[in-house]
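Trainee: Please take a close look at the cavities in this structure, and at what lines them.

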Amino acid sequence: MRLNRLAVTDYRNLSAAVLEPAPQLTVLCGANGQGKTNLLEAVWLLTGGKSFRGAKDAELIRRGADFAVLEAAFEAGDRPQEIRLTVGAKGTQRPGRTVRLNGADRGRAASIAGTFTAVAFDPNHLSLVKGGPEGRRHFLDAALCQLYPGYLAAERRYLRVVAQKNALLKAYDITPGGDVLLETYNEALVTYGCEVMRRRAGYLDQLAPAAAANYRDISSGAEKLEIQYCPCCDPGSPEALAAKLREVKNTELRAGFCLTGPHREDLEILIDGQPGKIYGSQGQQRSAVLSMKLAEASVAGEVLGEHPVMLLDDVLSELDDARQTYLLTRIEDKQTFVTTCDSAAFARTNGKLVFVDHGTVREG
């Protein structure tokens with residue numbers, strides 16, 4: 001997987017910018033607030049996913065403009081391809097993110113998931129360790145959507161049934177035939193939920209040992225990382241999920257919402273046997289997230305047959321010299337984009353320097 005060219009129009013503070021990255025390392029340099037991360041985020045949007053910064057589509061459009069446009073030329077599957085992604089403001093003819101792939105209209109951007117693949121890290125991803133379970137579930141689901149196109153459909157169907165069931169539980173006492181309808185929803189939850197759980201469990205069987213090996217190398221063998229899946233029941237058994245739903249039925253009726261299933265699951269991230277969220281230092285937490293992101297990239301390479309593009313925002317902060325050296329070594333032979341305020345840290349690499357200043361982009 002390799003991005004050859006990206007042209008950006010009216011995207012955040014980038015009115016018109018062209019990026020022609022190196023086949024391996026491209027270092028985006030500049031002071032804070034100049035547009036480095038905006039450019040990184042634009043590359044990520046080519047995956048079909050939402051902003052890794054949690055931004056709404058309307059926030060991606062330059063102030064005063066109706067559309068933002070991203071045009072990319074890349075190589076995937078040993079052939080050149082092109083993406084034109086448009087972000088339309090509300091009230092325009094095509095609001096939201098829509099896409100053309102190789103000249104063909106594909107509708108919503110999510111339809112091209114898995115075509116251009118990337119792995120992104122930014123400082124907010126420390127919430128993988130420090131934050132609540134929703135962020136960890138999102139990490140799994142975002143990775144799986146790029147690897148298995150059918151996963152997105154199963155996840156969306158599951159979440160739609162959860163929403164329908166929650167609405168029923170809130171109005172259960174005044175809904176005719178509520179018990180039959182509840183059973184119907186639970187059957188659908190078992191069908192779609194087991195697919196989500198099966199994919200998550202299989203993915204973590206690959207990711208967890210790879211992340212542990214990365215962390216061992218980053219810490220020079222001094223520390224140990226463990227990632228454990230915490231499913232609500234046996235992820236390979238529809239009978240187990242059905243039994244769990246029957247078990248919590250009365251509690252759900254009292255609570256008024258769905259209490260079990262993959263939408264309530266979590267990962268446990270341990271550093272030297274202790275919860276990283278509580279006992280990990282800032283550097284250890286950052287190392288754990290980087291280990292998971294590097295493992296995400298390596299698993300994607302195994303599944304898809306080509307390594308995804310790496311997008312690393314402010315990646316070297318709070319890492320000591322040994323951990324910085326390890327990371328720079330790991331990204332040498334893969335196309336990687338890194339943002340930095342100080343390019344001196346990358347003097348020991350052969351990276352291409354690109355400077356971003358008040359929304360303008362120029363090569364060093």
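Mentor: In this predicted model, helix α3 gives the most to the lining of the largest cavity, namely three residues. Strand β8 (118-121) and helix α9 (282-304), like α3 (133-147), each supply at least two residues of that lining. The full list of lining residues is Thr117, Ala118, Val119, Ala143, Gln146, Leu147, Tyr203, Glu296, Ala300 and Pro308. By class, seven of these residues are nonpolar, two are polar and one is charged. The space they enclose has a volume of about 60 Å³.

That cavity is one of two in the structure with 30 Å³ or more. The second largest holds about 30 Å³. Its lining consists of Leu294, Ala297, His307, Met310, Arg330 and Lys334. Sorted by class, this lining has three nonpolar residues, one polar residue and two charged residues.

Two residues of the second lining, Leu294 and Arg330, lead on to Asn214, which is in contact with both. Asn214 sits in helix α5, which covers residues 178-218. Apart from neighbours within four places in sequence, the contacts of Asn214 are Ser291, Leu294, Ala295, Tyr326 and Arg330. With Ser291 there is also a distance to note: a polar atom of the Asn214 side chain lies 3.1 Å from the backbone oxygen of Ser291. Is Asn214 buried or exposed? Asn214 counts as buried because its relative accessibility is 6%, and the cut-off for buried is under 20%.

Now place these parts in the whole chain. Buried residues make up 51% of its 364 residues. The secondary structure comes to ten helices and 15 strands. The radius of gyration is 22 Å, close to the 21 Å that the globule rule gives for 364 residues, so the chain is as compact as a globular protein of that length. Along the principal axes, the C-alpha atoms fill a box of roughly 70 × 55 × 35 Å. Contacts also reach across the sequence: among those between residues at least 6 apart, 68% join residues at least 24 apart.

Technical notes. Residues numbered from 1 in each chain as written. Predicted model: local features only at pLDDT ≥ 70, side-chain atom pairs only at ≥ 80, totals over all residues. Heavy atoms only, no water. 1 Å grid on protein atoms, 1.4 Å probe; cavity = no way out; pocket = protein on both sides within 12 Å on 5 of 7 lines; lining within 4 Å. Points joined across faces, edges and corners; volume = space filled by probe spheres on them. Helix = DSSP H or I, 4+ residues; strand = E, 2+ residues; numbered from the N terminus. Nonpolar A, V, L, I, M, F, W, Y, C, P; charged D, E, K, R; others polar. Buried < 20%, exposed > 50% of the residue type's maximum accessible area, 1.4 Å probe, protein only. Polar contact = N/O pair within 3.5 Å; in protein donor to acceptor, adjacent residues only side chain to side chain. Contact = heavy atoms within 4.5 Å. Rg over C-alpha atoms; globule rule 2.2 N^0.38 Å.
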